[in-house]
Each structure stands twice: as C-alpha cells, then as structure tokens.
Amino acid sequence: MTEKWENNEEIKIFREYLRIPSVHPNPDYVPCVDFLRRQASSLGMDFKVFYPVNEKNPIVILSLKGSDPSLPAILLNSHMDVVPVFPEKWSHPPFSAHLDSDGKIFARGSQDMKCVGTQFLGALRALKRDGIVLKRTIHASFVPDEEVGLLGMASFVQTADFRTLNVGFALDEGIASPTEIFPVFYAERSCWCIHFKCSGTPGHGSLLHKNTAGEKLRKILDKMMDFREKEAQRLENNPDLLMGDVTTINLTTISGGVQSNIVPPMLKIGFDIRFAVDVNLKEFEQQLKNWIKEAGDGIELEFEYRDVFTLPATKLDDSNIYWTAFKGAIDELKLNIHPQVFPAQTDSRYLRQMGIPAIGFSPMNNTPVLLHDHDEFLQADVYLRGIDIFKKIIDRVANC
C-alpha cells in the first residue's frame with residue numbers, strides 16, 4: 001500500500017531531508033547544505049551560503065530571479081534544526097523517515113519544520129514545470145538555530161547580505177491543526193525570561209527568623225501565580241480566545257539553599273512570560289517592581305531575555321498587497337483559515353521587527369499537533385496537498 005507514496009518524487013525528497021539528523025544540542029548542518037545544493041541545481045536556482053555568526057551556523061539561500069527583479073522579493077523561510085529526541089519513546093527510529101501502510105511519515109522535523117522547507121521547493125518545481133513566470137524574485141531561506149537561540153535569522157537580518165535580498169514579504173512556519181481549519185499567524189507574543197533573587201536572613205532551620213528569603217519568595221510567587229490563574233480563567237471562560245490572546249506565566253526554575261536544616265541567605269525563582277499583544281510592557285514591568293516593593297527589601301529582578309517592546313504585527317487588510325494576494329489564493333482553494341497570534345515564537349518575529357510583513361502558515365490540517373513530541377509524523381497525502389497549496393499562494397504573492 002505504500003508504493004504510491006514511496007515512488008512519489010516529492011515524498012522521496014522530503015524523506016531524504018528528514019533523514020539528516022540536524023538535531024540539537026549539536027546539530028551538524030553540512031549534510032543539509034549539501035542536500036540543498038543538490039536541490040538548487042535540480043531547480044535551476046542560485047545557491048549561496050552565508051555565515052553571519054560562525055561557520056557552524058550557515059544561512060542557505062536558494063534564489064529564483066523574477067521577471068521584474070526591481071520589485072521587492074518574496075522570502076520562503078524555514079529552519080534546518082530540530083529539537084532533541086528520546087528514541088526509546090518512538091515507535092520508529094526518529095531519523096528513519098519511516099513510511100507506514102497508512103502513509104504516515106515518522107521523523108523528527110516532519111511537522112517542525114522540514115516539511116515546509118521542502119514543500120516550498122516542491123511548489124517551485126511545480127510552477128516551473130507548468131511554465132508559470134513569477135514577477136518577483138523568490139528566495140528560499142534555510143536557517144539554523146531557530147529552536148534554541150540567536151545564531152540564525154536573528155543575526156542574519158542585521159547584515160548587508162540580508163538587505164541585498166530586498167525582501168518585501170515572507171512566509172514562515174505555522175502549526176498543524178487537528179481540525180479542518182488552517183491557522184494563519186500574523187503576530188507573535190513578546191517574551192520575557194526573568195529571575196527574582198530573594199535575599200534574606202539566614203540561620204538554623206529550627207528557628208523562626210524574620211525577613212527570610214523563603215518568605216519573600218512566597219510573596220512573589222503568589223503574585224505571579226495569581227496573575228497566571230486570572231489569565232487561565234479568562235482563556236477558559238471565553239471560547240473566542242486562543243492561547244496567543246492571553247498572557248502566560250510559568251514557573252520554570254527554583255534554586256538556592258545548601259542543606260535542609262539551614263535557612264538560606266538567597267533563593268532564586270525563574271519565570272517564562274509570553275505577553276498578549278495588548279499588554280503594555282512598561283506598565284507590566286512597573287507592576288513587577290511594585291510587587292517586589294510589597295514583598296520586602298533584598299529582592300533583585302534579573303532579565304535573562306526580554307523583548308523591550310511589543311512585537312509588530314502583520315496587517316491583514318487591503319493596505320497589505322501580500323495579504324490580499326495570500327487571501328485570494330486561500331479563497332480560490334476554498335480553504336478555511338483562522339488568523340491568530342502565534343502562541344510561541346518563530347523566525348517571523350525578526351522579519352517583522354525589520355518592517356517585513358510575514359505570515360506563518362503550515363498547510364497541515366486534520367493532523368494532530370506533534371511538534372517537539374514523540375512519534376512526530378506527517379501524512380504523505382497531507383504533505384503533497386501542501387505543495388499544491390503553496391504553489392497557488394506563491395504564484396499569487398510573487399505576481400502581485
């Protein structure tokens with residue numbers, strides 16, 4: 001039963017890419033670069049590799065010159081890196097790209113997001129085969145380090161090499177959908193990773209010391225978790241809200257102390273905060289300072305990571321010609337979409353910060369959400385349909 005998929009050229013290309021273990025914590029991107037070089041050659045696309053940070057983190061750009069290269073170009077972005085795996089939790093080896101009798105392709109990266117990268121290339125292959133000429137230049141970017149840090153798109157957008165691409169609009173990753181509806185992402189939540197260092201009176205564990213680090217930690221923890229509960233209730237009570245519409249706070253680290261019978265001089269707690277797009281970050285920081293003041297002296301607020309302003313959103317109206325073109329393709333295909341705020345973060349945030357409108361979209365509906373999960377898979381027919389969807393979208397946005 002698997003022959004119709006095994007013999008499909010696009011499925012072969014997808015599975016070849018999936019078998020490359022470009023996995024954290026130490027991804028080797030050289031096989032990805034070699035794979036993409038072959039793809040560029042087969043498609044007749046220009047091939048360049050940039051190293052904005054170091055040679056271990058290449059930025060690969062495949063370019064197809066448009067009939068009017070003076071127009072702003074279209075960027076088709078994806079990332080090469082994938083998150084770690086626990087092979088013992090998988091039904092099939094996570095880099096085998098196993099194809100079962102139902103057409104499910106099991107591999108790390110099958111949803112997040114090697115699928116989108118090769119779907120872009122499959123769509124360009126189909127456009128070329130049909131003789132469709134694109135006015136705007138197309139750049140397909142394959143970047144490193146999206147899952148971990150700042151060594152990929154975050155650094156590349158700051159370079160002269162990026163500016164020479166003349167990008168006017170970008171497509172990037174979305175998320176699978178277990179329903180018929182395709183999520184379309186036009187914005188992302190701002191992120192803070194913060195720590196409270198609570199200093200207090202140390203001493204023997206048998207006494208009731210005043211002004212201890214533990215008392216201060218409890219007060220801060222209560223404030224943060226109370227805020228979290230309010231947001232959780234708001235999400236639960238309003239069916240129109242999605243995760244990207246509320247602010248999430250999660251306790252992620254607790255550290256301090258030396259042994260169980262000693263009251264420590266310092267305890268430290270860390271939180272991951274993702275802000276709804278309507279939150280004023282300066283006002284929230286002031287709220288944190290007020291909570292610290294109420295909890296007592298000797299508390300320091302440290303930022304491990306912070307977005308200093310609310311991240312810009314892509315306009316979804318007639319003022320954005322790319323959105324109009326994107327929506328026109330969606331309507332022609334009769335797809336049911338739901339524009340929304342991405343609950344986590346993607347490389348789109350760095351593009352939007354540069355003033356480039358970006359849409360996050362992975363054409364995977366009727367598919368369980370398995371990014372970062374064990375037994376991540378994508379159904380072969382869903383993958384192939386995604387190529388057809390991107391073919392229509394790229395045709396529209398590159399010719400608007």
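Hi everyone. Before anything else, a definition: a pocket here is an open set of grid points with protein on both sides within 12 Å along at least five of seven lines, and a lining residue has an atom within 4 Å of a point. Please keep in mind that this is a predicted model.

Let's start with the largest pocket. Its volume is about 700 Å³, and 29 residues line it. Which of them lie nearest its centre? They are E146, E147, R274, A344 and Q345. Two elements, α5 (153-156) and α10 (348-353), each give two or more residues to this lining. As for character, the lining of the largest pocket holds 15 nonpolar, six polar and eight charged residues.

Now let me stay with one of those central residues, R274. R274 sits in strand β13, which covers residues 266-275. What does its side chain pair with in the polar contact? The partner is the side chain of D272, at 2.8 Å. Leaving aside residues up to four places away in sequence, R274 touches R189, S190, C191, V246, T247, T248, A344 and Q345. Notice that A344 and Q345 appear there, and that both are also among the residues nearest the pocket centre.

On to enclosed space. How many cavities of 30 Å³ or more are there? The count comes to one, and that cavity holds about 50 Å³ of space. Its lining is made up of Q111, D112, M113, E173, G174, I175, A176, S362, M364 and L371. Those residues divide into five nonpolar, three polar and two charged.

That's my tour, so thanks for listening!

Definitions and conventions. Residues numbered from 1 in each chain as written. Predicted model: local features only at pLDDT ≥ 70, side-chain atom pairs only at ≥ 80, totals over all residues. Heavy atoms only, no water. Helix = DSSP H or I, 4+ residues; strand = E, 2+ residues; numbered from the N terminus. Polar contact = N/O pair within 3.5 Å; in protein donor to acceptor, adjacent residues only side chain to side chain. Contact = heavy atoms within 4.5 Å. 1 Å grid on protein atoms, 1.4 Å probe; cavity = no way out; pocket = protein on both sides within 12 Å on 5 of 7 lines; lining within 4 Å. Points joined across faces, edges and corners; volume = space filled by probe spheres on them. Nonpolar A, V, L, I, M, F, W, Y, C, P; charged D, E, K, R; others polar.
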